[in-house]
Amino acid sequence: MQRIPTQNLRTPGPTPIPDDIVEAMSNPMINHRGPEFLELLNRVTEQLKQVFMTTNDLYVLTSSGTGALEASVVNTLSPGDKVLSATAGAFGDRFTDIAEAYGAEVQRLQFEWGATVDAEDIRKCLRQDPQIKAVLVTHNETSTGITHPLADVASVVKGEFDKLLLVDAVSSLACVPLPVDGWNCDLVGTASQKGFMIPPGLAFISISEAGHEAQASATMPRFYFDLAEAQSYLERGQTPWTPAVSALYGLSLALGKLLGEGLENVYERHTKIAQMTREGIKNLGLELLAQDETYASDTVTAIKIPENIDGAKFVGMMRTEENVVLAGGQGKLTGRIFRIGHMGAVTASNIEEVMEAIKLVLPKVGFSAR
Ligand code: PMP
């Protein structure tokens, strides 16, 4: 295959992969039922627990992030269970849809796209309906560039009502703080192709004691994502199904890098890059989608497309003329925003390049950047 030239890939996942991780993934294939794999799986599982800040059980799945979300639902719930799903974007909606697809009775608590979910509204719903068994929430809504106040949500869901809390951490974990045990989150799912700096193909999920209790009586159908199977194989240093071994080589190195840098430093690096991105955008005379910058995401920035500008044309020209790959809007924000991903391996100069490129391209689509 012809080599694809390197781009300034600024989509909110997949994210660019550092060269040493690419190199690590070219290691020879091994038997996934052999001793080298056992050592690899045990090591990355322990390191992942450090990144999740948890002592809960944790499993590596071979799937994209959606697989981890599906796993969290089908392993803890039964058809007919009442579930409250707080959503303010495309991924919150997806989590909701998964629970519905498996027969949960879902109450959709809708918030405006571009705003956060509100712990007070969640409290009201839980007060009104004591039958609700679980709450679904997205930590970082990638479609709108908003980080939801998960600590507040968790203190209501767990601290006040002791319900199951299922968290989509696909675009937050390993980038922004998410102390799984500190916030008492029951099931937390994430994926490899974002903050972990490795290719798509792996998902990670942690499950608490309360999660295990729910698992014991949950009857939703499951097979590939049966976490009881994952547990019994993990005890032998294996996964139930053939894992994406090469991605695990990359993961091993990536986790060493993240833990070596120190999680606090990793978070701070993301905060600085995000602030730089937002400042750059505002300096160009553009407007953030986030109504309040205090909850603008440190992993992805959503920017309003100015009136009368063809957003698809702009994103297209950024790629063809400037080699910068941005993301457009999703769902009802299609054509209304564009997004800059800044998670994982991203440097200040990557963002400077993006700003320079935007400055050059915007006038060509009819907007005079400052
Ligand atoms: N949730 C969030 C918050 C995401 O950002 C994504 C991916 N963009 C997903 C879920 C779905 O993950 P995947 O595409 O890996 O299945």
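**View 1. Residues around the ligand in the predicted model.** In this predicted model, the ligand is surrounded by 14 residues. The closest are Ser64, Thr66, Thr142, Asp168 and Lys194. By residue class, the shell around the ligand consists of three nonpolar, eight polar and three charged residues.

**View 2. Polar contacts of the ligand.** Two oxygen contacts and one nitrogen contact are described here. Threonine 142 places a polar side-chain atom 2.4 Å from an oxygen atom of the ligand. At glycine 65, a backbone N or O atom lies 2.7 Å from an oxygen atom of the ligand. The side chain of aspartate 168 has an N or O atom 2.6 Å from a nitrogen atom of the ligand. On its own, the ligand has 390 Å² of accessible area, of which the protein covers 88%.

**View 3. The pocket of the ligand and the helices beside it.** The ligand takes up the space of the second largest pocket. Helix H3 (65–74) and helix H4 (90–101) are the elements that give two or more residues to the shell around the ligand. Helix H3 gives the most, with three residues.

**View 4. Asparagine 140 in strand E6.** Asparagine 140 belongs to strand E6, which spans residues 140–141. Its relative accessible area is 2%, and because this value is under 20%, asparagine 140 counts as buried. Valine 117 is 23 residues from asparagine 140 in sequence, and the C-alpha atoms of these two residues are 11 Å apart in space.

How values were computed. Residues numbered from 1 in each chain as written. Predicted model: local features only at pLDDT ≥ 70, side-chain atom pairs only at ≥ 80, totals over all residues. Heavy atoms only, no water. Near = heavy atom within 4 Å. Polar contact = N/O pair within 3.5 Å; in protein donor to acceptor, adjacent residues only side chain to side chain. Areas by Shrake-Rupley, 256 points an atom, 1.4 Å probe, with all protein chains shown as cover. 1 Å grid on protein atoms, 1.4 Å probe; cavity = no way out; pocket = protein on both sides within 12 Å on 5 of 7 lines; lining within 4 Å. Sits in = over half its atoms within 2 Å of the grid points. Helix = DSSP H or I, 4+ residues; strand = E, 2+ residues; numbered from the N terminus. Nonpolar A, V, L, I, M, F, W, Y, C, P; charged D, E, K, R; others polar. Buried < 20%, exposed > 50% of the residue type's maximum accessible area, 1.4 Å probe, protein only.
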